[in-house]
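Grab a coffee and open the viewer. Below are a few short exercises, each with a solution worked out step by step.

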Amino acid sequence: MGLVQKKKKKPSEKAAEAEAAAAAAPPKLTPFQKALIRDGGWNKESFPEFLEAVYWVRQIIALVCGIVWGVMPLRGMMGIVLFLGANLGGTYVYYGKYAAVDEEDFGQVIITQEGLWTSVGLFMVTW
């Protein structure tokens, strides 16, 4: 009499609702995808992922510089100094201009140190 029975949903209806909810939600970006987006929206919560992005940017710079310096007849201290300038400058351009991160909020020293010596090692190996 006063009892109302709830209509049970079919499995196909549940799947359709789940697909609609997934389509409505914005996709979650991986750190690599976020690193490639200009002004990627880095914040304090995503700081470890940002340091990972800085690390890999340095490694790419080191690999490219090592190959270019090896092809060009660049030798000695001049090559090392030019690499350090390119590495530090390229990283600064990435996080200061491209990613639009305020280095005072994250700590400029931490960002500058992230992956520096491993990139120097990679540069020396590829040079």
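**Exercise 1. Placing a lysine**

In which helix is the place of Lys97, and which residues does Lys97 touch beyond four places away in sequence?

Solution. Keep in mind that you're working with a predicted model.
- Step 1: Find Lys97 in helix H4, which covers residues 76-98.
- Step 2: Look for its contacts, skipping residues up to four places away in sequence; you should get Arg38, Asp39 and Tyr92.
- Step 3: Check Asp39 along the chain and in space. Lys97 and Asp39 are 58 residues apart in sequence, yet the C-alpha to C-alpha distance is 8.5 Å.

**Exercise 2. A pair of tyrosines**

Work out how the rings of Tyr92 and Tyr95 are arranged, and whether each residue is buried or exposed.

Solution.
- Step 1: Start with the total, which is six aromatic pairs, counting ring centres within 6.5 Å.
- Step 2: Take Tyr92 and Tyr95. Their ring centres are 5.6 Å apart and the planes sit at 80°, so this pair is edge-to-face; the cut-off for that label is over 60 degrees.
- Step 3: Place them in the helix. Tyr92 and Tyr95 are three residues apart in H4, so about one helical turn separates them.
- Step 4: Compare accessibility. Tyr92 comes out at 33% and counts as partly exposed, while Tyr95 is buried at 2%.

**Exercise 3. A stacked pair and its cluster**

Now do it again for Phe123 and Trp127, then find the aromatic cluster they belong to.

Solution.
- Step 1: The centres of Phe123 and Trp127 are 5.1 Å apart with 25° between the planes, and this pair is stacked.
- Step 2: Phe123 is buried, with 0% relative accessible area, whereas Trp127 is partly exposed at 27%.
- Step 3: Widen the view: Trp69 and Phe83 join Phe123 and Trp127 in one aromatic cluster.
- Step 4: Click on Phe83. Leaving aside neighbours within four places in sequence, Phe83 is in contact with Ala62, Cys65, Trp69, Ser119, Val120 and Phe123.

**Exercise 4. The nonpolar core**

Which residues of the largest nonpolar core touch the most other members, and which helix gives the largest share?

Solution.
- Step 1: The core has 22 residues, and those touching the most other members are Trp42, Phe50, Phe83, Tyr94 and Ile111.
- Step 2: H3, H4 and helix H7 (116-126) each supply at least two residues of this core.
- Step 3: H3 gives the largest share, with 10 residues.
- Step 4: Add the background: in soluble globular proteins, nonpolar side chains tend to be buried together.

**Exercise 5. A buried asparagine**

Find Asn87 and decide whether it's buried or exposed.

Solution.
- Step 1: Asn87 is located in helix H4.
- Step 2: Its relative accessibility is 0%, so Asn87 counts as buried, the limit being under 20%.
- Step 3: Beyond four places in sequence, Asn87 touches Arg58, Ile61, Leu116 and Ser119.

**Exercise 6. The largest pocket**

How much space lies in the largest pocket, and what kinds of residues line it?

Solution.
- Step 1: The space in the largest pocket is about 210 Å³.
- Step 2: Its lining includes Pro31, Phe32, Trp56, Ile60 and Tyr98.
- Step 3: Sort the lining by type: 10 residues are nonpolar, none polar and two charged.
- Step 4: Trace the helices. H2 (31-36), H3 (47-71) and H4 each supply at least two lining residues, and the largest share, six residues, comes from H3.

Technical notes. Residues are numbered from 1 along each chain as its sequence is written. This is a predicted model: local features need pLDDT of at least 70, side-chain atom pairs count only at pLDDT 80 or more; totals for chains, interfaces and linings use all residues. Side-chain values use heavy atoms; hydrogens and water are left out. Helices (H or I, at least four residues) and strands (E, at least two) are DSSP runs, numbered from the N terminus. Contact means heavy atoms within 4.5 Å. On a 1 Å grid over the protein atoms alone, a cavity is a set of points where a 1.4 Å probe fits but cannot get out, and a pocket is an open set with protein on both sides within 12 Å along at least five of seven lines; lining residues have an atom within 4 Å of a point. Grid points are joined across faces, edges and corners, and a volume is the space filled by probe spheres set on the points. Ala, Val, Leu, Ile, Met, Phe, Trp, Tyr, Cys and Pro count as nonpolar, Asp, Glu, Lys and Arg as charged, and the others, Gly among them, as polar. Rings of Phe, Tyr and Trp (its six-membered ring) pair if their centres lie within 6.5 Å; planes under 30 degrees apart count as stacked, over 60 as edge-to-face and the rest as tilted. Buried means under 20% relative accessible area, exposed over 50%, partly exposed in between (1.4 Å probe, protein chains only). A nonpolar core is a set of buried Ala, Val, Leu, Ile, Met, Phe, Trp, Tyr and Cys residues joined through side-chain atoms within 4.5 Å.
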